[in-house]
Amino acid sequence: DALFIIVSGSIQVFKAEKFAKKQCLITSLSAGESLGEMRLIKDDLCSLTAIAASPSVLMRLSISTLRMKENEECYTLLLISIINILSK
């Protein structure tokens, strides 16, 4: 139930291979990038694993808190930003 924004450091994102017991590196993320943003759009569990590749600081935003009526404007702006990024 969270969206994370990387403030500093780097995070590696892995996906489990279907028939193997190992993780496949998908990407590395750094400051200014985010994790869990798709949870704002589609309320599914994430199938990826994120591991800090270096000492990191992340900002955690609760998705359920963002969806509350008093945070509607912030939630809408985040959705618009994500849609713009995905459409490019």
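## A2 and its contacts

Setting aside residues up to four places away in sequence, A2 touches L35, G36, R60, L61 and I63, where contact means heavy atoms within 4.5 Å. This is a predicted model, in which local features need pLDDT of at least 70, side-chain atom pairs count only at pLDDT 80 or more, and totals for chains, interfaces and linings use all residues. Residues are numbered from 1 along each chain as its sequence is written, and side-chain values use heavy atoms, with hydrogens and water left out.

You will find A2 in strand β1, which covers residues 2-8. Helices (H or I, at least four residues) and strands (E, at least two) are DSSP runs, numbered from the N terminus. A2 is buried because its relative accessible area is 10%; buried means under 20% relative accessible area, exposed over 50%, and partly exposed in between, with a 1.4 Å probe and protein chains only. Two C-alpha distances help to place A2: K15, 13 residues away in sequence, is 19 Å from A2 in space, while T65, 63 residues away in sequence, is 9.3 Å from A2.

## I6, also in strand β1

Strand β1 also holds I6. With a relative accessibility of 2%, I6 counts as buried. Which residues does I6 touch, not counting those up to four places away in sequence? The list is I11, L29, S30, A31, G32, E33, V57 and L58. For S30, there is a distance to go with the contact: the C-alpha atoms of I6 and S30 are 6.3 Å apart, with their positions 24 residues apart in sequence.

## From S62 to T65

S62 belongs to strand β6, residues 57-62, and T65 to helix α2, residues 63-66. Their side chains are joined by a polar contact of 3.1 Å. A polar contact is a pair of N or O atoms within 3.5 Å; within protein, one must be able to donate a hydrogen and the other to accept it, and residues adjacent in sequence count only if both atoms are side-chain atoms. The side chain of S62 also makes a polar contact with the side chain of D1, at 3.3 Å.

Are these two residues buried or partly exposed? S62 is buried, because its relative accessible area is 17%. T65 has a relative accessibility of 37%, so T65 counts as partly exposed.

## R39 in helix α1

Helix α1 spans residues 38-41 and includes R39. R39 is buried, as its relative accessible area is 19%. Leaving aside neighbours within four places in sequence, R39 is in contact with D1, D44, I63 and R67. D1 thus turns up again, having been named above as a polar partner of S62, and I63 is also among the residues that A2 touches.

## The salt bridge

How many salt bridges does the structure hold? There is one, counting a side-chain nitrogen of Lys or Arg within 4 Å of a carboxyl oxygen of Asp or Glu. K69 and E72 form it, and their closest N and O atoms are 2.9 Å apart. Side chains of opposite charge can pair when their charged atoms come close.

The two partners fall into separate accessibility classes: K69 counts as exposed because its relative accessibility is 65%, whereas E72, at 40%, counts as partly exposed.

## A20 in a loop

A20 sits in the loop between β2 (10-16) and β3 (23-30). Its relative accessibility is 32%, so A20 counts as partly exposed. A20 and L79 are 59 residues apart along the chain, and their C-alpha atoms are separated by 35 Å.

## The chain as a whole

Zooming out, the chain has three helices and six strands. Read from the N terminus, the order of elements is β-β-β-β-α-β-β-α-α. The C-alpha trace spans about 45 × 30 × 25 Å along its principal axes. Of contacts between residues at least 6 apart in sequence, 68% join residues at least 24 apart.

Buried residues account for 18% of the 88 residues. The chain exposes about 6,400 Å², with carbon and sulfur atoms supplying 61% of it; accessible areas come from the Shrake-Rupley method with a 1.4 Å probe, and for residues only the protein chains shown count as cover. As for charge, the mean positions of the 10 positive and 9 negative charges are 9 Å apart. Here Lys and Arg count as positive and Asp and Glu as negative, while His and the chain ends are not counted; the place of a charge is NZ of Lys, CZ of Arg, CG of Asp or CD of Glu.
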